[in-house]
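User: Could you walk me through this model? I'd like to go from the core to the ligand, then to any odd backbone spots.

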Amino acid sequence: MPVISILNQKGGSGKTTIAVNLAHALKLDGSRVLLVDSDPQGSARDWNEENEGEILPVVGLDRETLPKDLQAIKSGYDWVVIDGAPQIARLAAAAVKASDLVIIPCQPSPYDIWAAADLVDVIKARQDVTDGKPLSAFVVSRAIKNTKLGKEIMEALESYGLPVLKSQTTQRVAYPTTASEGQTVFIEPQSEAAKEIVALKEEIKEFFN
Ligand code: ADP
Ligand code: MG
């Protein structure tokens with residue numbers, strides 16, 4: 001039962017959006033999926049209340065004991081997706097410790113890329129003491145459609161020495177509008193937003209093949 005964290009200390013980078021939609025995509029493959037809300041602001045829990053818990057089980061674990069607490073509840077699930085907390089370094093470190101894979105959503109802007117430095121340090125320090133666990137990769141989040149990413153942006157991301165996923169999310173109104181209804185982009189499974197989440201989910205699954 002792989003544990004995938006969506007982490008970035010920068011707020012607004014698309015963590016909750018990706019966590020909720022990725023978790024639903026995994027579930028639509030027929031898997032049992034648990035969504036963990038590690039953000040004290042409780043966005044994923046708010047989303048879950050909006051749909052009255054009908055899409056996914058969501059549990060709040062916004063404390064440093066997350067790795068141990070998760071151990072006790074993750075059996076019975078095929079996947080665990082953790083929605084990360086902004087800013088709070090000790091919660092991010094706990095999520096890194098609990099994870100098999102850390103996905104770092106990053107908007108294609110230099111400020112956002114620079115802001116990931118501390119998180120990358122935490123991940124690499126953990127990898128050093130564990131023989132490489134968790135795996136980690138960047139995903140470009142909220143890219144502008146049909147606009148090629150600047151060479152500088154790709155180079156800046158690649159300079160961290162972590163892979164950058166081929167799939168991206170682009171800036172689409174479907175993300176906030178479905179979220180505000182407690183839904184995901186899979187309310188319209190043929191939409192472009194749903195297609196980009198499916199592509200992301202497939203690429204993430206490849207880490208575990
Ligand atoms: P975080 O959890 O990292 O703070 P969110 O997922 O809450 O980020 O995203 C911040 C805001 O941006 C939310 O209002 C969300 O609906 C919106 N958003 C996130 N990703 C996209 C996207 N790909 N296209 C349009 N809006 C997005
Ligand atoms: Mg969030």
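**Core, ligand shell and backbone**

Analyst: Sure. In this predicted model, the largest nonpolar core has 55 residues, and those with the most contacts inside it are A19, L22, A23, L35, V81 and A95. As for where they come from, the most is given by helix α1 (residues 15-28), with seven residues.

User: Which residues is V81 in contact with, leaving aside its neighbours within four places in sequence?

Analyst: V81 is one of the residues with the most contacts inside the core. With sequence neighbours within four places left out, its contacts are I4, I6, A19, L22, A23, V33, L35 and V36.

User: How many polar residues are in the shell around ligand 1?

Analyst: Ligand 1 is surrounded by 18 residues, and the closest are G14, K15, T16, T17 and P176. Helices α1 and α8 (174-180) each supply at least two of the shell residues. By class, four are nonpolar, three are charged, and the polar ones number 11.

User: Which peptide bond is cis?

Analyst: Most peptide bonds are trans. Here, look at the loop between α6 (117-130) and β6 (135-140), where P134 lies. Omega is about 0° at the bond joining K133 and P134.

User: Is E52 buried or exposed?

Analyst: E52 has a positive phi of about 55° without being a glycine, and sits in the loop between α2 (43-50) and β3 (58-60). Exposed takes 12 or fewer other C-beta atoms within 10 Å. E52 has 8, so E52 is exposed.

User: What is the phi of D131?

Analyst: D131 is in the loop between α6 and β6. D131 is exposed, with 6 other C-beta atoms within 10 Å. Though not a glycine, D131 has a positive phi of about 65°.

Methods
Residues are numbered from 1 along each chain as its sequence is written. Chains are lettered from A and ligands numbered from 1 in the order in which they are written. This is a predicted model: local features need pLDDT of at least 70, side-chain atom pairs count only at pLDDT 80 or more; totals for chains, interfaces and linings use all residues. A nonpolar core is a set of buried Ala, Val, Leu, Ile, Met, Phe, Trp, Tyr and Cys residues joined through C-beta atoms within 7 Å. A residue is buried if 20 or more other C-beta atoms lie within 10 Å of its own, exposed if 12 or fewer, and partly exposed in between; C-beta atoms are placed from the backbone. Helices (H or I, at least four residues) and strands (E, at least two) are DSSP runs, numbered from the N terminus. Two residues are in contact if their C-beta atoms, placed from the backbone, lie within 7 Å. A residue is near a molecule or strand if its C-beta atom, placed from the backbone, lies within 6 Å of it. Ala, Val, Leu, Ile, Met, Phe, Trp, Tyr, Cys and Pro count as nonpolar, Asp, Glu, Lys and Arg as charged, and the others, Gly among them, as polar.
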